[in-house]
Amino acid sequence: MTDPSSTTLWLLILGTAAATMAIKAFGPVVLGGRQLPTAATRVLVLLPPVVLAALVATSALADGSTLEIDSSTAGVAAGGVLLWRGRHLLLAVLVAAAVTAVLRLLGVP
Amino acid sequence: MVHADHRASFRRGVRLGVPFAAVGLLLSSSFGVLAVQAGFSPLQALVMSALVHAGAAQFAATSIVVAGGGVVSGVVAASLMNARFLAMGAALAPSLPGGPALRAVQAQTVVDPSWAVANNGDGTFDRWLLFGATAPQYVGWISGTLLGAYGGDLIGDIERFGLDAVYPTFFLALLVAELRRPGSRGIALAGAVIALALVPFVPAGIPILVAAAAALVGLAR
């Protein structure tokens, strides 16, 4: 495997930037400032928990197209317990990383 | 003219954004390390972080190109990871004033934590709080990328330090805050189950977009 060329990387960077900016702008530009009907508002209220739960689940348990439970799953779970108890985000993140690192050191995948 | 309420919201946003900025610094350091290992120059890593400011997209695009997948596949993978911003932008739209250009610019400040903390819980968003929360995170994101890109040799393998657990824990913090609102737990569980069920069958990023469709049950309430 050879390293990608500098031109390839610049195209990737600018392409990803343009796509991200367009995606972020899409809703606000296309929907405009219209007041949405109440039924739409009931849907929008549910979007944050549903999107965040899907992000947590896939980032913790999916590796490409396979589901796997490994050291980082245990680390994230430990961080989750602290967060649920109202502890600070930074503490939870450091504990999650530490638990994961220690389990790996002990030979857990 | 900036209203006093707006300034107060912005300041509150900055305070709320700082812890996320610290975690973002860890995440973007990981990105800087991986990008340079993948053949990026530090300048390229920096420009990508400055223009994209979306971790999942940056990691996805980089890993695809490193695996020999090509630029188009890389951009598509990044866009799929970013597909959630379509849903988030739709939710935010009614809370942004101005014409199309101004709305497009304001929409660029959306990153997951800012969007979550600016959510008033009634379908509206506090846009000044959104801008304030994103400001320190943007600074942290760029600083971390520089640290990782130039100091990567000192860190080496990021998995050895458990840094791959940082990203999910970061999202978990946002989720936990949402779960304290009434009526959010059942739908969150549904979102997680739908996304996980789809992982083996569709490209990365799509499970999150499909899971977001579960919010349509709001129509039946």
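Okay, one term before we start: buried area is the accessible area, with a 1.4 Å probe, that two parts lose on being put together, summed over both. People often quote that lost area when they want to say how big an interface is.

So, what we have here is a predicted model, and I'll talk about chain A and how chain A meets chain B. How much do the two bury between them? About 7,000 Å², with 78% of that on carbon and sulfur atoms. In terms of residues, 73 from chain A are in contact with 92 from chain B.

Let's get to know chain A a bit. Chain A has 4 helices and 2 strands. If you walk along the sequence, you meet them in the order α-α-β-β-α-α. Now look at the overall outline. For 109 residues, a compact globule would come out with a radius of gyration near 13 Å, but chain A comes out at 20 Å. And if you lay the C-alpha trace along its principal axes, you get a span of about 55 × 45 × 25 Å.

How confident is the predictor in chain A? The mean pLDDT is 88, and 96% of the residues get to 70 or more. Within chain A, helix 1 has the highest confidence, with 95, while strand 1, residues 62–63, has the lowest, with a mean of 82.

Back to the interface, then. Counting pairs where both residues have pLDDT 80 or more, 9 residue pairs are in polar contact between chain A and chain B. Which parts of chain A supply the side that touches chain B? The elements giving two or more residues are helix 1 (6–31), helix 2 (38–61), strand 2 (66–67), helix 3 (71–84) and helix 4 (89–105). Sort the residues on that side of chain A by type and you find 48 nonpolar, 20 polar and 5 charged.

Last thing: salt bridges. How many are there over all chains? Just 1 in the whole structure. The partners are R104(A) and D164(B), whose side chains come to 2.8 Å, N to O. Where do those two residues sit? R104(A) is in helix 4 of chain A, and D164(B) is in the loop between helix 8 (127–155) and helix 9 (166–179) of chain B, so this pair joins two chains. If you want one spot to zoom in on, try R104(A) and D164(B), the two halves of that salt bridge.

How values were computed: Residues numbered from 1 in each chain as written. Chains lettered and ligands numbered in written order. Heavy atoms only, no water. Contact = heavy atoms within 4.5 Å. Salt bridge = Lys/Arg side-chain N within 4 Å of Asp/Glu carboxyl O. Polar contact = N/O pair within 3.5 Å; in protein donor to acceptor, adjacent residues only side chain to side chain. Nonpolar A, V, L, I, M, F, W, Y, C, P; charged D, E, K, R; others polar. pLDDT = per-residue confidence, 0-100. Rg over C-alpha atoms; globule rule 2.2 N^0.38 Å.
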